[in-house]
Amino acid sequence: MFAYISRRIGVMFVILFGSSFLIYNAAAYAGDPTEGLRGSTAPQAHQKLIALIRELHLNVPPPARYFIWLKGILKGFTGHIDLGLTRDQNPVSTAISNAIPITIRLILLSFLLAILFGLGLGIVSALRQYSRFDYAMTFIAFLMYSLPIFWVAVLLKAYLAISFNNFLLNGKIAPLWILSASAVSGFFWAAIISGTRKRVFAIFGVAGGATAVILTLLSVTKWFTHPGLGPITMLILGLAFAVGITYLSTGISNKAALRSSITVIIIGFLLYFPVQYFLKKDANLLTILVMLLITIAIAVGVAYLFAKIDRRPVIRTSVFTSLFAGILFIIDKLMKTWVPYINTDAIHQRPIPTISQSNDLLPEGNFWFSSLDTVLHLLLPTIALILITMAGYIRYSRGTMLEVMNQDYIRTARAKGLSERTVIMRHAFRNTLIPITTILVVDFAAIMSGAIITESVFGWHGMGTQFNLAVHNQDLNLLMGVFLFTSSLVIMANLVADLLYSALDPRIRVVGKK
Amino acid sequence: MAIFSRKNKVEEIVDGDIFNKETEGLSQGQIVLKRFFRHRGAMISLIALFSLVLFVFSALGFKIFGIGYGGWWKYKITDLPTLRTDGCPIELPGCPTLNLIPGKHFGLGDHPFGQDDLGRDYFSLVMRGAERSLEVMVVIGLVAGALGIIVGALAGFYRGVIDATLMRLVDFIITVPVIVLGSVLGYHFGSKGVLFLALFLGLVSWGGLSRLVRGDFLTLREREFVDAARVAGASNRRIIFKHILPNAIGVIIVNVTLLMSGAILLEAALSYLGFGVVPPDVSLGLLISQYQDSFTTRPWLFWWPGLIIIIVALSVNFIGDGLRDAFDPRQRRRISRKDRAAERQSAEKN
């Protein structure tokens, strides 16, 4: 194992060396940083030109100049990595280390959500192969594949930000919207759950009716202008989730799991008011983290109390439930922050922003204001990124699931008399995850580069912006800095993917020597 | 709960009989064609794409080797007709005249997609942009396809040193995200013309395809028919192109179509960022980037280029999907109730 990893890391350096050499020369031959000065008639243009040439070693031909740059990188082994200076004389390493967290923040949430929705829809689509739902999903996935993200981004800005902000001024939903939303929800659930014709109609009616009632209630109570969950709604949502996750994770017949997850929710309900004390204005990430750990500890404890044997699935179920409860708490708190937030001068009743990563005019020192601000700024780019990345996961998980369902071990599992739920969740789903995990890791690196466009459309100042700057200013050092980061990420992701694959799939063994 | 319901056993067994009966006595090519024609999405997409290409390329005319055709549309992209004011809201001169409601005003009208703020006819701009995007797509597909096939075939067939060298080259190229390399090259060579840009983009996007082709060649070269060809005295070139390549064609065609649908989005993205096609030339991505700010005032300037990109990419994706289904021997089509009933009846008769 160790031999394998070290060999791969060695190869990684060779590849990085080769591809950086390649791109350094491509970029150096393609662009001339002195272009602007050469045509310039400004006084001292000539002196500036000479200074620039000296500073950037432009009198050295690119293949040799590469090694000057490489010397700075190799200093990294002594702890003082030198990526050179940008064209405006800032160290490249600072520019990049400032940009990385912003890009990660942009990508992480959309990546997780895209996985969640993509896998879910893909797997249900596979279980309903050749149904109307399957065809609709195929079409939607291809449609999402074909969307130019910058075009969608403009639409999102127009409809989800500007129109939605207008809508928030009075917060009433038009009856036509309620009708169409109910119809869509009815179709969706009827298609997913399916069954006999009578059943489908029943599901359509129930789901559509429920949506209509909920939307009307929200509209009448002006929920959109004064959002909030409140302990009772949270309790209902939590119980529903507890039952749902127990069904998927262990099956309803596992009484220990069901009881412990319901208990977790009830504990959360009882703790509602005490917890509010800790979610004060001056809370910080550490508070949240500590509370997260406490939540998990409670969940594990409850699971231990209820399950005497076979504890693992019970613990898993109640931890999932407790995490959901935690998310509900955060959402509830953010919703409570909503009204004061939109009434600040910086927001001025138009909460959904179209550009930038944060609002600098917000009053400082309020953790929940800045959290809500971050969430709202993430909203549009996240939706855009989900739209374009989810398609791949839908298709891929559908394909893998179909393949797995044709395997012999699925037939064996059924022959043993296991319930269809167990066959799918325990045997098929887990095996579907193996190839998907490896795809996901590699994809994460690819999304980093996909964020270039997203950042540029939504005016974020992350890696994509640095890259844009570098290309437009013919800033070779900055370009190479960005490149070095993305390529190392890609290579590392490939290594991690291979290791994960061998860890997840016992049939695959990595070997130290070829 | 019904999420985990499944179809019954009898149906699965009957289905198998239907498949065997359908492919009896047909050659591989015939089976593939038959399956492809049956894929409704792919067929609709093929027709849609074909008519779109005809429509776009005949609108403004073209000139190849001195033989030209003027095009049926009355404006060129350089024309500056006066802004149309009659029939438009007063603050929005140059609104689109396209009318699909049957009646007196049915038809394209003077400016079907409207005019921009200078009065340029937007229909001709979009048509030229679509021409450019389609050209870029095809060129990238051809260049990347050819390179990917050749590199993959050589590496997979000869193995050893050639394989190692070529695959390291692929590693170098794959490590750099296409959009990064494409931007660097596109920014500097985009001004030299669309075909030049497409050529360069093609040169950087063949890595994935070559890996797949190599994988296919590695398995196929061990098969008996290759040995048979070698015993019969066939040269390496003949074995590669006449024996192995036709067997790998499924993977190749499918991936080239996917490459092409990616290519049109890549070009649009690069042009949008300012690293691709530059004015005075026109491309769909460039049009979107030029007119995105007018979305609130002149929405028609925004919708059309995006819609055309989506239509092209969507049809190419569907065609690729149809081809994949057609080439995949394990793929089974949906069996309708009617087919099952017919099969059961004929089974009962025997």
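Here are some notes on how the parts of this predicted model meet and on a few of its aromatic rings.

1. Start with how chain A is divided. The domain assignment splits it into domain 1, covering 96-169 + 349-514, and domain 2, covering 222-348. Notice that domain 1 is written as two stretches of sequence. If you take the C-alpha centres of domain 1 and domain 2 of chain A, they lie 25 Å apart.

2. Now look at where those two domains of chain A touch. On the domain 1 side, 22 residues are in contact, and they meet 28 residues of domain 2. Together the two domains bury about 2,200 Å² between them, with carbon and sulfur atoms giving 71% of that area. Which residues of domain 1 lose the most area to domain 2? They are A:Gln349, A:Trp368 and A:Arg421, and together they account for 33% of what the domain 1 side buries.

3. What about charged and polar links across that same domain boundary? Between domain 1 and domain 2 of chain A, the salt bridge count is zero. There are four residue pairs in polar contact there, counting pairs with both residues at pLDDT 80 or more.

4. Next, the meeting of the two chains. Here 54 residues of chain A are in contact with 47 residues of chain B. The buried area between chain A and chain B is about 4,700 Å², and carbon and sulfur atoms give 76% of it.

5. How many salt bridges are there between chain A and chain B? The count is one. You can find a salt bridge between B:Asp321 and A:Arg395, where the closest N and O atoms are 3.2 Å apart. Four residue pairs also make polar contact between the chains, again with both residues at pLDDT 80 or more.

6. On to the rings: over all chains, the structure holds 32 aromatic pairs. Take A:Phe367 and A:Trp368, whose ring centres are 5.1 Å apart; their planes sit at 80°, so this pair is edge-to-face. Are these two buried or exposed? A:Phe367 has a relative accessible area of 17%, so it counts as buried. A:Trp368 is buried too, because its value is 3%, and remember that A:Trp368 also appeared in the list of residues losing the most area to domain 2.

7. Two more ring features deserve a look. In chain A, ring pairs join A:Phe17, A:Phe21, A:Tyr24, A:Tyr66, A:Phe67 and A:Trp69 into a cluster. Over in chain B, B:Arg221 lies over the face of B:Phe157, 5.5 Å from the ring centre.

How values were computed
Residues are numbered from 1 along each chain as its sequence is written. Chains are lettered from A and ligands numbered from 1 in the order in which they are written. This is a predicted model: local features need pLDDT of at least 70, side-chain atom pairs count only at pLDDT 80 or more; totals for chains, interfaces and linings use all residues. Side-chain values use heavy atoms; hydrogens and water are left out. Rings of Phe, Tyr and Trp (its six-membered ring) pair if their centres lie within 6.5 Å; planes under 30 degrees apart count as stacked, over 60 as edge-to-face and the rest as tilted. Buried means under 20% relative accessible area, exposed over 50%, partly exposed in between (1.4 Å probe, protein chains only). A charge sits over a ring if NZ of Lys or CZ of Arg is within 6 Å of the ring centre and within 35 degrees of the ring normal. Domain bounds come from an automatic or database domain assignment. Contact means heavy atoms within 4.5 Å. Buried area is the accessible area (1.4 Å probe) that two parts lose on being put together, summed over both. A salt bridge is a side-chain nitrogen of Lys or Arg within 4 Å of a carboxyl oxygen of Asp or Glu. A polar contact is a pair of N or O atoms within 3.5 Å; within protein, one must be able to donate a hydrogen and the other to accept it, and residues adjacent in sequence count only if both atoms are side-chain atoms.
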